[in-house]
Amino acid sequence: MRVGFLNINWADILDVFLVSVLLYQVYTLVRGSIASRVFLGYLFVYVFYLVVKGLGLGLLTAILQYFMGVGAVALIVIFQQEIRRFLLIIGKSTIHTNNGFLKKILRNSILDIKAKNLMEVVDASKTIAANFTGALIVVNKRDDLSKYVETGELLDARVSKPLLVSLFNQYSELHDGAIVIVDGRIKAARCVLPVADGVDVPSSLGFRHRAAMGMSEATDAVVIVISEQTGRISVAVEGELHSNIPISELQNRLEEYLSSDVQRMAK
């Protein structure tokens with residue numbers, strides 16, 4: 001089929017459809033952030049480049065082609081967080097274990113490690129909330145948190161209520177920032193976390209809550225955040241903040257999320 005100067009066949013239609021789906025998925029990842037404006041602007045320039053190339057305007061095509069080449073590198077830098085999130089989604093959907101016996105061993109070992117010290121974390125959260133000192137606690141699931149651990153003071157200590165409470169004491173030098181717990185060990189304190197800055201983030205949220213949301217967007221970790229002003233406990237999971245959680249429900253919520261993927265792997 002010929003439309004003007006274009007020859008269109010079924011492969012071209014399929015190609016356009018797949019590209020449209022891909023662009024839509026990319027847009028949903030960046031929607032609500034400053035990067036979305038950059039994405040739309042770059043997309044507009046690219047469409048303009050295709051039109052100019054189709055019309056045979058050689059000089060303008062060469063200029064835009066150079067801009068598109070340089071712009072592709074700039075996009076990788078600008079969208080590094082979104083690209084990581086996209087790859088994380090793909091990785092989550094393709095992870096599987098084939099051997100049933102190994103699945104059971106994997107499930108039991110991971111569940112034991114994750115659940116072993118949750119009671120200490122919950123008890124510490126209760127005390128911190130009562131003292132209105134504030135806290136930010138990251139508990140890993142499967143993702144590697146090494147780069148966040150390296151931003152803080154390395155500890156590699158056993159999880160315990162007294163240690164957690166003392167670390168978040170207002171007179172402690174390690175009070176600011178987050179504590180990162182990996183496989184039942186406090187790996188570091190005063191860690192720096194990525195901060196959520198999308199338009200969907202309420203302006204009323206403080207820095208701790210934004211950092212909790214940002215960390216849960218960038219990784220599959222669960223983040224406990226305790227308000228210094230109100231003493232309320234919130235939990236950030238997969239980019240969503242669940243606020244004002246009763247202490248009686250905290251451990252159940254943590255166990256449910258930390259064991260969810262492991263249980264699916266064992267089925």
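**Exercise 1. Salt bridges**

Task: State how many salt bridges the structure holds, and describe those made by D156.

Solution.
Step 1. Five salt bridges are present in the structure. A salt bridge is a side-chain nitrogen of Lys or Arg within 4 Å of a carboxyl oxygen of Asp or Glu. In general, side chains of opposite charge can pair when their charged atoms come close. The model is predicted: local features need pLDDT of at least 70, side-chain atom pairs count only at pLDDT 80 or more, and totals for chains, interfaces and linings use all residues. Residues are numbered from 1 along each chain as its sequence is written, and side-chain values use heavy atoms, with hydrogens and water left out.

Step 2. D156 forms a salt bridge with R185, at 3.4 Å from N to O. D156 is in strand β4 (residues 153-158) and R185 in strand β6 (residues 185-191), so this pair links distant parts of the chain, 29 residues apart. Helices (H or I, at least four residues) and strands (E, at least two) are DSSP runs, numbered from the N terminus.

Step 3. D156 also forms a salt bridge with K187, at 3.3 Å from N to O. Because D156 lies in β4 and K187 in β6, the pair ties together parts that are 31 residues apart in sequence.

Step 4. D156, R185 and K187 are thus linked in a network of salt bridges.

Step 5. The relative accessibility is 40% for D156, 31% for R185 and 28% for K187. Each value falls in the partly exposed class. Buried means under 20% relative accessible area, exposed over 50%, and partly exposed in between (1.4 Å probe, protein chains only).

**Exercise 2. A salt bridge inside one helix**

Task: Find where R253 and E249 lie, and how many residues separate them.

Solution.
Step 1. The closest N and O atoms of R253 and E249 are 3.5 Å apart, and the two residues form a salt bridge.

Step 2. Both residues belong to helix α10 (residues 247-265), where they are four residues apart, about one turn of the helix.

Step 3. An α-helix has 3.6 residues a turn, so residues three or four places apart point the same way.

Step 4. R253, at 35% relative accessibility, counts as partly exposed, and so does E249 at 34%.

**Exercise 3. Strand pairing**

Task: Determine in which sense β6 pairs with β4 and with β5.

Solution.
Step 1. β4 and β6 pair in the antiparallel sense over four bridges. Two strands pair if DSSP finds at least two bridges between them. In this pair, L154 stands opposite A188 of β6.

Step 2. Strand β5 (residues 178-182) also pairs with β6 in the antiparallel sense, over four bridges. Here V182 stands opposite R185 of β6.

Step 3. A hairpin is formed by β5 and β6, with two residues between them. D183, in the turn, has a positive phi of about 50 degrees.

**Exercise 4. Helix α9 and the loop after it**

Task: Compare the span of helix α9 with the expected one, and decide whether α9 is enclosed or open.

Solution.
Step 1. Helix α9 (residues 207-218) has twelve residues and reaches 16 Å from its first C-alpha to its last. This is close to the 16 Å expected at 1.5 Å a residue, where the expected span is 1.5 Å times one less than the number of residues.

Step 2. Ten of the twelve residues are buried, so α9 is largely enclosed by the rest of the structure. Among the buried residues are R208, H209 and M213.

Step 3. D220 lies in the loop between α9 and β7 and, at 3% relative accessibility, counts as buried. The C-alpha atoms of D220 and L145 are 9.7 Å apart in space, while the two residues are 75 apart in sequence.

**Exercise 5. The nonpolar core**

Task: Identify the residues with the most contacts inside the largest nonpolar core.

Solution.
Step 1. The largest nonpolar core has 29 residues, and I179, I181 and V222 have the most contacts inside it. A nonpolar core is a set of buried Ala, Val, Leu, Ile, Met, Phe, Trp, Tyr and Cys residues joined through side-chain atoms within 4.5 Å.

Step 2. Elements giving two or more residues to this core include α6 (118-131), β5, β6 and α10. The largest share, six residues, comes from α6.
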